[in-house]
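Colleague: I'm still new to reading structures, and I'd like a close look at one part. Could you walk me through the sheet in chain B and whatever sits against it?

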Amino acid sequence: MTKRTIIPFGPQHPVLPEPVHLELAVEDGKVVEAIPSVGFIHRGLEKLVEKKDFFDFVFVAERICGICSFIHGMTYCIVIEEIMKIEVPERAQYLRLVWSELSRIHSHLLWLGLMADAFGFESLFMHCWRLREKILDIIEETTGGRVIFGSCKVGGVRKDISAEALGRIVKVLQAYEREIREITDVFIADGSVKHRMSGVGVLSKEDAYHLGAVGPTARGSGVDFDMRKLRYGAYKNISFAPVLETAGDCYSRCHVRIRELFQSIDLIDQAARKISPGPIEVKVSGFPDGEFFARTEQPRGEVIYYAKANGTKFLQRLRVRTPTFANIPALVKILQGCDVADVPVLILTIDPCISCTER
Amino acid sequence: MIEEQKSIHVTPAELVEKVQVFFNDGWRLVQIGCTRLENGLELNYSFDKHYQFCNLKVFVPLNTPEVPSISPVYWGAFIYENETQDLFGVKFPGLVLDYKGSFYKTSVKNPFNTCSEQINIKDIKKDLAL
């Protein structure tokens with residue numbers, strides 16, 4: 001009879017920058033069951049909305065995550081703007097798109113670096129993060145911040161990007177494109193990297209869909225949805241198709257993120273061509289009354305902000321469903337049947353952000 | 001408006017049957033959320049299909065905070081139901097993976113099960129100078 005061993009994985013583990021715990025039931029070196037546990041650092045930020053002015057809460061929303069901070073702030077603004085029926089100026093919508101896509105590029109480069117580090121390719125890890133620094137420099141130049149942008153507000157944006165600066169950013173990104181391709185070619189073509197990821201941690205299209213997986217985790221299994229296709233903000237004026245891969249393994253999820261890097265550069269290029277001069281914000285008066293679910297696409301997938309307001313300056317309820325939270329059931333499925341040695345890599349392929357999850 | 005968002009009110013007794021219809025029709029479970037109202041709890045079960053959004057609303061009285069689990073239909077729902085159980089104290093009979101209140105390590109039991117209107121009414125009056 002095969003002996004079953006329980007291996008605790010995390011919350012402290014070299015591959016995990018943030019605390020998540022998995023109880024792995026192992027038989028003959030294979031994981032037969034994985035039970036996740038989160039909540040070690042739950043901050044209760046959703047509850048804070050009851051004591052914080054709805055207009056100022058965008059600063060808290062941005063601090064839910066240090067990687068996709070801008071999109072958190074933007075999605076919060078969208079939910080309030082939808083409830084209050086605020087028409088955001090077109091220029092502000094394009095600027096939001098540019099910062100969203102810059103966030104996606106730096107997040108995916110960060111993930112590629114972490115992935116390289118997880119399978120022991122140190123120099124590749126450093127190259128990925130070297131390029132990420134250049135994206136952060138652009139963000140710093142345009143917003144003044146590298147982690148928290150502080151540039152989004154209810155009714156528009158706080159900062160503008162001049163036409164010259166935007167043109168320069170596009171040129172810089174196009175130059176980076178070559179450098180990024182040199183690095184991503186290693187992920188795609190290198191035999192050892194491919195061997196480490198191909199056929200590992202397969203998630204079928206049906207499982208990805210029914211388990212509620214989102215973002216590159218779902219698209220790597222061929223599930224065709226990307227919340228940017230809801231055409232919120234300036235995305236309604238931009239043409240693109242969701243990046244899909246069908247194998248459903250680690251390699252697929254990696255490949256989706258790599259292709260999305262180049263897609264984001266293209267989206268910024270399209271935005272820079274279409275943006276026209278104009279106001280970047282509208283004056284907001286009154287208090288929100290009603291409810292709405294705002295859905296946007298973060299680097300890790302669909303994020304949902306639900307707000308219920310009762311006509312006062314404090315919201316009655318703010319609910320944030322982050323992509324990592326939605327991907328946990330899929331992770332449990334991915335881990336079933338894998339080798340114990342693959343567990344760290346498999347966890348990384350959903351690009352977990354526990355900071356988001358512990359909002 | 002970005003998208004039309006349909007809401008359907010159902011009772012706890014009707015919930016699983018309705019959710020099964022959504023599952024059979026190919027809808028994706030997007031999220032389950034809970035809101036504390038003055039006289040009870042309102043649960044939102046959100047679904048998506050081809051970028052269409054539909055929401056089931058279930059009202060639960062405070063004296064019997066219990067809703068049948070939909071995790072036998074949508075297995076991934078266990079994560080949302082455990083979250084709601086820990087933060088709001090709602091029980092989900094039939095939950096496929098029940099952490100029994102230890103999913104979140106909170107220092108206060110059911111920290112979100114307080115009514116915002118009751119808590120903030122003085123602050124609101126003060127801020128609005130009423």
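Modeller: Here is a walk through that sheet, its helices and one residue, with a short stop at chain A afterwards. Keep in mind that this is a predicted model.

Let's start with the strands. The sheet in chain B is an open one with four strands, and going across you meet them in the order E1-E4-E3-E2, with mixed pairing. The edges are taken by strand E1 (5-10) and strand E2 (28-36) of chain B; each has a single partner strand, so one side of each has no neighbour in the sheet. If you ignore direction, neighbouring strands here are turned by 20° against each other on average.

Now zoom in on one pair. E1(B) runs parallel to strand E4 (residues 52-61) of chain B, and six bridges join them. Within that pair, Ile8(B) sits opposite Leu56(B), which belongs to E4(B).

Next, the helices. Helix H1 (residues 12-24) of chain B lies across E1, strand E3 (40-49) and E4 of chain B, and runs at about 165° to E4(B). Helix H2 (residues 77-88) of chain B lies across E2 and E3 of chain B, running at about 5° to E2(B).

Let's pick one residue out of that second helix: Gln85(B) lies in H2 of chain B. Is Gln85(B) buried or exposed? Gln85(B) counts as buried, because it has 23 C-beta neighbours inside 10 Å, and the cut-off for buried is 20 or more. Setting aside neighbours within four places in sequence, Gln85(B) is in contact with Val90(B), Lys91(B), Phe92(B) and Gly101(B). As for Leu29(B), it is 56 residues from Gln85(B) in sequence, and their C-alpha atoms are 18 Å apart in space.

Finally, that stop at chain A. Where the two chains touch, chain A brings 30 residues and chain B brings 29 residues. On the chain A side, the elements that each supply at least two residues are helix H8 (205-210), strand E6 (289-298), strand E7 (301-310), strand E8 (315-321) and helix H11 (323-335). The largest share comes from E8(A), with four residues. By type, the chain A side divides into 13 nonpolar, seven polar and 10 charged residues.

Note on methods: Residues numbered from 1 in each chain as written. Chains lettered and ligands numbered in written order. Predicted model: local features only at pLDDT ≥ 70, side-chain atom pairs only at ≥ 80, totals over all residues. Contact = placed C-beta atoms within 7 Å. Nonpolar A, V, L, I, M, F, W, Y, C, P; charged D, E, K, R; others polar. Pairing = 2+ DSSP bridges. Axes fitted to C-alpha atoms, helices over the stretch in contact; angles between N-to-C directions. Buried ≥ 20, exposed ≤ 12 C-beta atoms within 10 Å, placed from the backbone.
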